[in-house]
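Visitor: I have a structure to go through and a few short questions about it. Can we start with the fold and then work inward?

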Amino acid sequence: MGEMTRSIVRLPPVEDPETGTVYESDGERLTLTYRCDCGTQLEGTAVLYDKWTNDFRLRVIDEVAEVLREECCG
């Protein structure tokens, strides 16, 4: 089995270039990196929105991880 690492970083505010209005982000960026036993490294990224429940956010993380594992050394 390979090695999985993850990083969750708050999305930065976004500025509307026409009005200059700054909008706060409503989520975090998840990055999963999977080092396969065969030496290949895969990376998956998803946005985890604040309005999602913790259970749903964990399900998204699990699904991204599963895709990386399935694609490893394929």
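Guide: In β4, Val-9 has Arg-29 as its bridge partner. Keep in mind that this is a predicted model.

Visitor: Which strands does that pair belong to, and how many bridges join them?
Guide: Strand β1, residues 3-10, is joined to β4 by 8 bridges, and the two run antiparallel.

Visitor: Back up a bit. How many helices and strands are there?
Guide: The protein has 1 helix and 5 strands. Along the sequence they follow the pattern β-β-β-β-β-α.

Visitor: What does the radius of gyration say about the protein?
Guide: The radius of gyration is 16 Å, well over the 11 Å that the globule rule gives for 74 residues, so the protein is more spread out than a compact globule. Along the principal axes, the C-alpha atoms fill a box of roughly 50 × 25 × 15 Å.

Visitor: And what share of the residues is buried?
Guide: Of the 74 residues, 27% count as buried. The protein exposes about 5,400 Å², with carbon and sulfur atoms supplying 48% of that.

Visitor: Is β4 mostly covered or mostly open?
Guide: Mostly covered: β4 spans residues 27-35, and 7 of its 9 residues are buried.

Visitor: What does β4 pair with besides β1?
Guide: β4 also pairs with β5, residues 41-49, in the antiparallel sense over 9 bridges. Within that pairing, Leu-32 has Gly-44 in β5 as its bridge partner.

Visitor: How many residues lie between β4 and β5?
Guide: The two strands form a hairpin with 5 residues between them. Gly-39, in the turn, has a positive phi of about 105°.

Visitor: Now the interior. Which residues make up the largest nonpolar core?
Guide: That core has 12 residues, among them Leu-30, Leu-32 and Tyr-34, then Ala-46 and Leu-48, and also Val-60, Ile-61, Val-64 and Leu-68. The elements that give two or more residues to this core are β4, β5 and α1, the last covering 54-71.

Visitor: Which element gives the most?
Guide: α1 does, with 5 residues.

Visitor: What about cysteines? How many disulfides are there?
Guide: The count is 1 disulfide. Cys-36 and Cys-72 form it, with their sulfur atoms 1.5 Å apart.

Visitor: Which parts does that pair tie together?
Guide: Cys-36 lies in the loop between β4 and β5 and Cys-72 in the segment after α1, so the pair ties together parts that are 36 residues apart in sequence. Both cysteines also belong to the largest nonpolar core.

Visitor: Why do Cys-36 and Cys-72 count as buried?
Guide: The cut-off for buried is under 20% relative accessible area. Cys-36 has 7% relative accessibility, so it counts as buried. Cys-72 has 14%, so it counts as buried too.

Visitor: What else does Cys-36 touch?
Guide: Leaving aside neighbours within four places in sequence, Cys-36 is in contact with Gly-2, Leu-42, Cys-72 and Cys-73.

Visitor: Different topic: Thr-5. Where is that residue, and is it buried or partly exposed?
Guide: Thr-5 is in strand β1. At 36% relative accessibility, Thr-5 counts as partly exposed.

Visitor: What does Thr-5 touch?
Guide: Not counting residues up to four places away in sequence, Thr-5 touches Thr-31, Leu-32 and Thr-33. Thr-5 and Ala-65 are 60 residues apart in sequence, and their C-alpha atoms are 9.7 Å apart in space.

Visitor: Last one. What share of the contacts comes from residues 24 or more positions apart?
Guide: They account for 42% of the contacts with a separation of 6 or more.

Terms used. Residues numbered from 1 in each chain as written. Predicted model: local features only at pLDDT ≥ 70, side-chain atom pairs only at ≥ 80, totals over all residues. Heavy atoms only, no water. Buried < 20%, exposed > 50% of the residue type's maximum accessible area, 1.4 Å probe, protein only. Helix = DSSP H or I, 4+ residues; strand = E, 2+ residues; numbered from the N terminus. Pairing = 2+ DSSP bridges. Contact = heavy atoms within 4.5 Å. Core = buried A, V, L, I, M, F, W, Y, C linked by side-chain atoms within 4.5 Å. Disulfide = S-S within 2.5 Å. Rg over C-alpha atoms; globule rule 2.2 N^0.38 Å. Areas by Shrake-Rupley, 256 points an atom, 1.4 Å probe, with all protein chains shown as cover.
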